[in-house]
Amino acid sequence: MTDPVKTLRDFMPGFGSGSEDIVGRAGAPLEEGAAVASESALIEALQTVYDPEIPVNIYDLGLIYSMEPGPRGSVSVEMTLTAPGCPVAGEMPQMVADALAAAEGVGEVVVRLVWDPPWTQDRLTDAAKLELGLV
């Protein structure tokens, strides 16, 4: 099996190049010509993952900074957390990778945790603001 980071670097130079990156990996390349997941299917998968301290999914919290599809159903994600001291910082990227890889039409997944720019409440969706009583 090929290294997912190397595969994703082929179409996203510099992705995952930091030595201190916290990275989650899951999945395997899809067969040539296989149908790949739509953006809405990827978002639905992300909405199944919740921050353990906040009753809102990570997508609506605005923790997903980028989500890039690639060849054979691969997906690269950059995400953050609400705070660097989050107790699941080391586990969350793997949780996200597993959720995405479980979606129909998804191949290799690499999720990298980033801290820049820092997360703020401005990234919350309207649904998240409503859920948290901020509107």
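**A walk through the predicted chain**

Of the 135 residues in the protein chain, 44% count as buried. The model is a predicted one, and the average pLDDT over the protein chain is 86, with 85% of the residues scoring at least 70. Residues 1–19 have a pLDDT below 50; in the model this stretch makes 34 contacts beyond near neighbours in sequence. The accessible surface of the protein chain is about 7,200 Å², and 51% of that surface belongs to carbon and sulfur atoms.

The protein chain contains four helices and four strands. Their order along the sequence is α-β-α-β-β-α-β-α. Contacts in the protein chain often span long stretches of sequence: among those between residues at least 6 apart, 70% join residues at least 24 apart.

Helix 3 is a convenient place to begin with the packing. This helix covers residues 92–101, and its buried residues are Met 92, Pro 93, Val 96, Ala 97, Ala 99 and Leu 100. These residues sit on the same side of helix 3, because they cover an arc of only 165° around the axis. The elements that cover them include strand 1 (22–26), helix 2 (39–46), strand 3 (75–79) and strand 4 (109–113).

Helix 2 can be read in the same way. Its buried residues are Leu 42, Ile 43, Ala 45 and Leu 46. Viewed down the axis of helix 2, they fall within an arc of 160°, so they line one face of the helix. The buried residues of helix 2 pack against strand 2, strand 3 and helix 3.

Ile 43, which is found in helix 2, shows one part of this packing. Its relative accessibility is 16%, so Ile 43 counts as buried, the cut-off being under 20%. Apart from neighbours within four places in sequence, Ile 43 is in contact with Tyr 59 and Met 67. Ile 43 and Tyr 59 are 16 residues apart along the chain, and their C-alpha atoms are separated by 7.2 Å.

Tyr 59 also appears among the partners of Asn 57, whose side chain has a polar atom 3.0 Å from the backbone nitrogen of Tyr 59. The Asn 57 side chain reaches the backbone nitrogen of Asp 60 as well, at 2.8 Å. Asn 57 lies in the loop between helix 2 and strand 2. Although in a loop, Asn 57 is buried, with a relative accessible area of 6%. Leaving aside neighbours within four places in sequence, Asn 57 is in contact with Leu 46, Gln 47, Val 49 and Tyr 50. Of these contacts, Leu 46 is one of the buried residues of helix 2.

The next topic is charge pairing. Side chains of opposite charge can pair when their charged atoms come close. A search of the whole structure finds two salt bridges. Glu 32 forms a salt bridge with Arg 72, with the closest N and O atoms 3.8 Å apart. This pair links distant parts of the chain: Glu 32 is in the loop between strand 1 and helix 2, Arg 72 is in the loop between strand 2 (64–69) and strand 3, and the two are 40 residues apart. Glu 32 counts as exposed, at 65% relative accessibility, whereas Arg 72 is partly exposed, with a relative accessible area of 38%.

Glu 78 and Arg 112 also meet through their side chains in a salt bridge, at 2.2 Å from N to O. Glu 78 lies in strand 3 and Arg 112 in strand 4, so this pair ties together parts that are 34 residues apart in sequence. Arg 112 is buried, with a relative accessible area of 15%.

Two points of backbone geometry remain. Most residues other than glycine have a negative phi, and most peptide bonds are trans. Arg 72 has a positive phi, near 55°; this is the residue that forms a salt bridge with Glu 32. The peptide bond from Asp 116 to Pro 117 is cis, with omega near 5°. Pro 117 is placed in the loop between strand 4 and helix 4 (126–131).

Notes. Residues numbered from 1 in each chain as written. Predicted model: local features only at pLDDT ≥ 70, side-chain atom pairs only at ≥ 80, totals over all residues. Heavy atoms only, no water. Buried < 20%, exposed > 50% of the residue type's maximum accessible area, 1.4 Å probe, protein only. Contact = heavy atoms within 4.5 Å. Areas by Shrake-Rupley, 256 points an atom, 1.4 Å probe, with all protein chains shown as cover. pLDDT = per-residue confidence, 0-100. Arc of directions from axis to C-beta. Salt bridge = Lys/Arg side-chain N within 4 Å of Asp/Glu carboxyl O. Polar contact = N/O pair within 3.5 Å; in protein donor to acceptor, adjacent residues only side chain to side chain.
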